[in-house]
Amino acid sequence: MIDIVLADDHRVVCQGFQMIINAQEDMKVIGTACSAQEAIVKVAELHPDVFVTDISMGGPKTGLLALERLADRANPSAVVILSMHEEQEYLRQAMALGAKGYVLKSSSDESLFNAIRSAARGEIYICQEMLGAFVQDALNGVNPNDTTLTPRESQIVTLAVKGYSNTEIADRLSVSVKTVESQKSKIMNKLKLHSKPELFEYAVAHNLLKM
């Protein structure tokens, strides 16, 4: 039996997916969550084989933020992203953070089941609607980490341009001040930026001030 924790900020949607997953003889949803923070707690408590999560739960890429935090834990659950987002950026970031699956909400139920079973085996599954472009990017040598910020990096940028000090950012994210300083330097190098005004322009252009 594959034990699953399911996260989606729309309760009715979460209940619908829970029902179709539980109809499978080899799967059982042992916990649900409606926010990234609740999902992190549930996964830590229940230790599911697979964690199925939406990307946007009350904010942009919050599902990826949960994935990023869970990846730091010992023996993390395999993660399948279940999303409405068809942009390759979301898929590339999910894969870079260690997700085992990416399925669109518009995909067939069978696609979701295949993703869950593959993740439980430690294998990667990408739905057909997203796979072609992902493979083409790989063949073209596209590096998702060159100019794309991780959810944690996006948080740091948002707080920095809103005027939070390094100490305040560290407190809010539960990390050390040294880590914040290192991450800010890494972000500036990644984005090839040289000043705070440039960072502010980047944040505005990428809607990070809405986080």
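Buried means under 20% relative accessible area, exposed over 50%, and partly exposed in between, with a 1.4 Å probe and protein chains only. This is a predicted model: local features need pLDDT of at least 70, side-chain atom pairs count only at pLDDT 80 or more, and totals for chains, interfaces and linings use all residues. Residues are numbered from 1 along each chain as its sequence is written, and side-chain values use heavy atoms, leaving out hydrogens and water.

**Exercise 1. Classify Thr158 and find a polar partner for its side chain.**

Step 1. Locate the residue. Thr158 sits in helix H7, residues 151–161. Helices (H or I, at least four residues) and strands (E, at least two) are DSSP runs, numbered from the N terminus.

Step 2. Apply the cut-off. Thr158 is buried because its relative accessibility is 4%.

Step 3. Look for a polar contact. That is a pair of N or O atoms within 3.5 Å; within protein, one must be able to donate a hydrogen and the other to accept it, and residues adjacent in sequence count only if both atoms are side-chain atoms. A polar side-chain atom of Thr158 lies 2.9 Å from the backbone oxygen of Ser154.

**Exercise 2. Trace the sheet through S4, S5 and S6.**

Step 1. Write the order. Six strands form an open sheet, S2-S1-S3-S4-S5-S6, with parallel pairing. Two strands pair if DSSP finds at least two bridges between them. The edges are S2 (27–33) and S6 (125–126), each pairing on one side only.

Step 2. Count bridges. S4 and S5 pair in parallel over four bridges, with Leu82 partnered by Val103 in S5. Two bridges join S5 to S6, also parallel; Gly101 has Tyr125 as its partner in S6.

Step 3. Assign handedness. A crossover is right-handed if, with the strands pointing away from the viewer, the path from the first strand over the helix to the second runs clockwise. S4, H4 and S5 make a right-handed β-α-β unit. S5, helix H5 (residues 109–120) and S6 make a left-handed one.

Step 4. Check the faces of S5. Gly101 and Val103 point one way, Tyr102 and Leu104 the other, and all are buried. In a regular strand the side chains alternate between the two faces of the sheet.

**Exercise 3. Decide why Cys14 has no disulfide bond.**

Step 1. Set the criterion. A disulfide is a pair of cysteine sulfur atoms within 2.5 Å.

Step 2. Test the closest pair. The sulfur of Cys14 has its closest cysteine sulfur in Cys34, 5.6 Å away, so the distance is too far for a bond.

Step 3. Conclude. The count is zero disulfides. Cys14 is also buried, at 4% relative accessibility.
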